[in-house]
There are 2 protein chains.
Amino acid sequence: MPLIVDIHTHVYPPAYMQMLRARKTVPYVHDPSNNADPRLIILSSDDDPSIPPDQRGRPVDSSYWDISVKLAFMRQHGINISVISLANPWLDFIEPGEAQIWAERINDDLEATCAKVNKDADPENTRPIDQKETLFAMGALPLSAPDPAVVVNEIKRLKTLPNLRGVIMGTSGLGKGLDDAALDPVWGALQETDTLLFLHPHYGLPDEAFGGPDATSRYGHVLPLALGFPLETTIAVTRMLLSGVFDRFPGLKILLAHSGGTLPFLAGRIESCILHERKFVAAGGDVQGPRRSVWDVLKTNIYLDAVVYGKPGLEAALAASGSDRLLFGTDHPFFPPLDGKDGDWPSVTTNYKAINATFESSSDTVADVLGGNAARILNLK
Amino acid sequence: MPLIVDIHTHVYPPAYMQMLRARKTVPYVHDPSNNADPRLIILSSDDDPSIPPDQRGRPVDSSYWDISVKLAFMRQHGINISVISLANPWLDFIEPGEAQIWAERINDDLEATCAKVNKDADPENTRPIDQKETLFAMGALPLSAPDPAVVVNEIKRLKTLPNLRGVIMGTSGLGKGLDDAALDPVWGALQETDTLLFLHPHYGLPDEAFGGPDATSRYGHVLPLALGFPLETTIAVTRMLLSGVFDRFPGLKILLAHSGGTLPFLAGRIESCILHERKFVAAGGDVQGPRRSVWDVLKTNIYLDAVVYGKPGLEAALAASGSDRLLFGTDHPFFPPLDGKDGDWPSVTTNYKAINATFESSSDTVADVLGGNAARILNLK
């Protein structure tokens, strides 16, 4: 059996849940009066006063904060290593003066959780890696801090924590998106420390994109989650490209959630629109186009998770970035089965099946995507 | 040489240009005082009072309305047959009382143009199809008419025009999107008459999706065109799916612009989100999920143009719908070369190259995608 590494798996550590419980505005956690699972109100659209607080938002059961549930999930699905990351919206909303302390607290908590789990599973560190569950973590960043230097310092500090591998970030950056030049020190620190950035959506698209709030909610969360999330990621990385981030920081390593949102599929159209944009081509314009092509960035800077639930997405990811840049993930604990049974999660088995179907001609490639690539890229051992 | 059919190629017929010249609100045409090409102000964001009218919007040269320029373009790029369609925003903005008359006028104009070109090229209809330029057309629909019956009648009337093949439509439908139940008579008429619907974007996404108007315009039209357009198409067809249009009209045939926007890539995520949506799964909910899967619809109802500018997009389209449902197109006269020279258009040659690279192992498949599929599906001869 190949080593299986899950690089897209989230937690809300207890300290984070406690902080959300103390809040009264989005995002916040509400404990229902009937001892049911706490409710997480994460989106403005979920904070609907016409809905009783006990039913508002979504239930977050122990799979979100109890690491033993994560370990059981790993065991059930044959996952050897999980690289856990704080779930959205991370620390985007924290008061500036508290950003640093919360980032340090959360990241230390993640480090301690990994260290304890790994020690408990194998006190002498003598068991083979494929015969136990091992945890690593991606750190959260204090992006709302008053000075990007705070972010830079935390990126550097994370390199001193033995179980931390990379950082996770949303698309708002310092609040103005990822094409904000004020982020340059952050890109510089990530490049200098050779830290993988996991770029993940949270904000989606405005309801108007889906026909307004009524049209959006008519189908539950399908439109925002299935289409809004991937487009948010695509827009964010395209703005980085257009503003020249990859020209200025050619050593950046970015793992894009959900196989790049839609980046592999739209890469050709993005490149064509750049080459046909008068603002970029006309001499003397105050904005110049990016120097590096989308194709070059996809094969040099971008890694893609394999969380795309089908062969078409994987074929596009393969053609755009290559099988050596594609990494298995689950998005656990999101998308649990709704049948109330204890079977394997279809959201996981669908991705296993898609990987096997796409790379059926090479078991080595399947093994690379399932874990070999992640182990190599993140130095997991 | 295989037969080459361009199924994605637009015109603004003279009558349509004249109508736009008479308008003072978007969309409208303004003739600059210096005898330069007319300016088309098609988007609200282009109607910027701070920009002189002579520079507002974009220039629309003779390639948009002079059919001899289209024929020269076909000759230059080896295209044997073009299936021309009215460019966006079609008749979406027409006063209700004038919708029927404008639809009939435009469609009769398209029929007359095709008939004249085809007669001039081959008066006795004796030359082989691959040794002349032949035109067919897709009709426009009077969607703003006071009664959908007007649309239904025009769909039926189009079947009597010898050079009309299918219809083109945007994503607003009767004004409320394509999941509006009031469109059912239209879907019924398309199914009953076995008419191909070419679904094409125009409205894009709200500027807020890209970080607001300043962030959007910073990169010219790249973000709205490269990302907004494809997402608009994806959202529109997903709303059709979620509302059960394909369950109620299983015989619909829809050609999606730009290889489906992003539908092939996101199909797996859409299907997963549907299967994990409590609103669909929970018993007694007032909305039920669609009965047919995305995968079934992609292989039964959907056709995809091959206007995606790269192998990754084509690989996804192939895996989602199959090479027998993929059709070459150019998007002419949009995306002209900006170098001022008379060479082949990179926006066309990029798609030729991508098709050849994706299907290099089978010249038959290349021929199917370049023209065989279109000739079969649209009965072009």
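## Exercises on a two-chain predicted model

Across the interface of chain A and chain B the rule finds two salt bridges, a salt bridge being a side-chain nitrogen of Lys or Arg within 4 Å of a carboxyl oxygen of Asp or Glu. The model is predicted, so local features need pLDDT of at least 70 and side-chain atom pairs count only at pLDDT 80 or more, while totals for chains, interfaces and linings use all residues. Residues are numbered from 1 along each chain as its sequence is written, chains are lettered from A in the order in which they are written, and side-chain values use heavy atoms, with hydrogens and water left out.

**Exercise 1.** Describe the interface of chain A and chain B, beginning with its salt bridges.

*Solution.* Start with one salt bridge, in which the side chains of A:Arg218 and B:Asp179 meet at 3.0 Å, N to O. Next, look for the helices behind the side of chain A that touches chain B: helix 6 (213–217), helix 7 (222–242), helix 9 (263–275), helix 10 (278–281) and helix 12 (311–321) each supply at least two residues, where helices (H or I, at least four residues) and strands (E, at least two) are DSSP runs numbered from the N terminus. Among these, helix 7 of chain A gives the most, with 13 residues. By class, this side of chain A divides into 37 nonpolar, 17 polar and ten charged residues; Ala, Val, Leu, Ile, Met, Phe, Trp, Tyr, Cys and Pro count as nonpolar, Asp, Glu, Lys and Arg as charged, and the others, Gly among them, as polar. Finally, take the totals: 64 residues of chain A are in contact (heavy atoms within 4.5 Å) with 64 residues of chain B.

**Exercise 2.** Work out how helix 7 and helix 9 of chain A cross, and which residues make the contact.

*Solution.* The axes, which are lines fitted to C-alpha atoms over the stretch in contact, with angles from 0 to 180 degrees between N-to-C directions, come within 12 Å and cross at roughly 35 degrees. The contact is made by A:Thr234, A:Val237, A:Thr238, A:Leu241 and A:Leu242 of helix 7 and by A:Leu263, A:Leu266, A:Ile270 and A:Ile274 of helix 9. Sorted by class, these residues are seven nonpolar, two polar and no charged.

**Exercise 3.** Do the same for helix 13 and helix 14 of chain A.

*Solution.* Helix 13 (residues 346–358) and helix 14 (residues 363–378) pack at an angle of about 145 degrees, with their axes 9 Å apart. From helix 13 come A:Tyr352, A:Ile355 and A:Asn356, and from helix 14 come A:Val366, A:Val369 and A:Leu370. The classes here are five nonpolar, one polar and no charged residues.

**Exercise 4.** Find the backbone features in the loop between strand 11 and helix 13 of chain A.

*Solution.* Recall that most residues other than glycine have a negative phi, and most peptide bonds are trans. In this loop, which follows strand 11 (326–327), lies A:Pro333, and the peptide bond from A:His332 to A:Pro333 is cis, with omega near 5 degrees. A:Phe335 is found in this loop too, with a positive phi of about 60 degrees although it is not a glycine.

**Exercise 5.** Which parts of chain A does the salt bridge of A:Asp108 and A:Arg157 tie together?

*Solution.* The two side chains meet at 2.9 Å, N to O. A:Asp108 lies in helix 3 (residues 99–121) and A:Arg157 in helix 4 (residues 148–158), so the pair ties together parts that are 49 residues apart in sequence.
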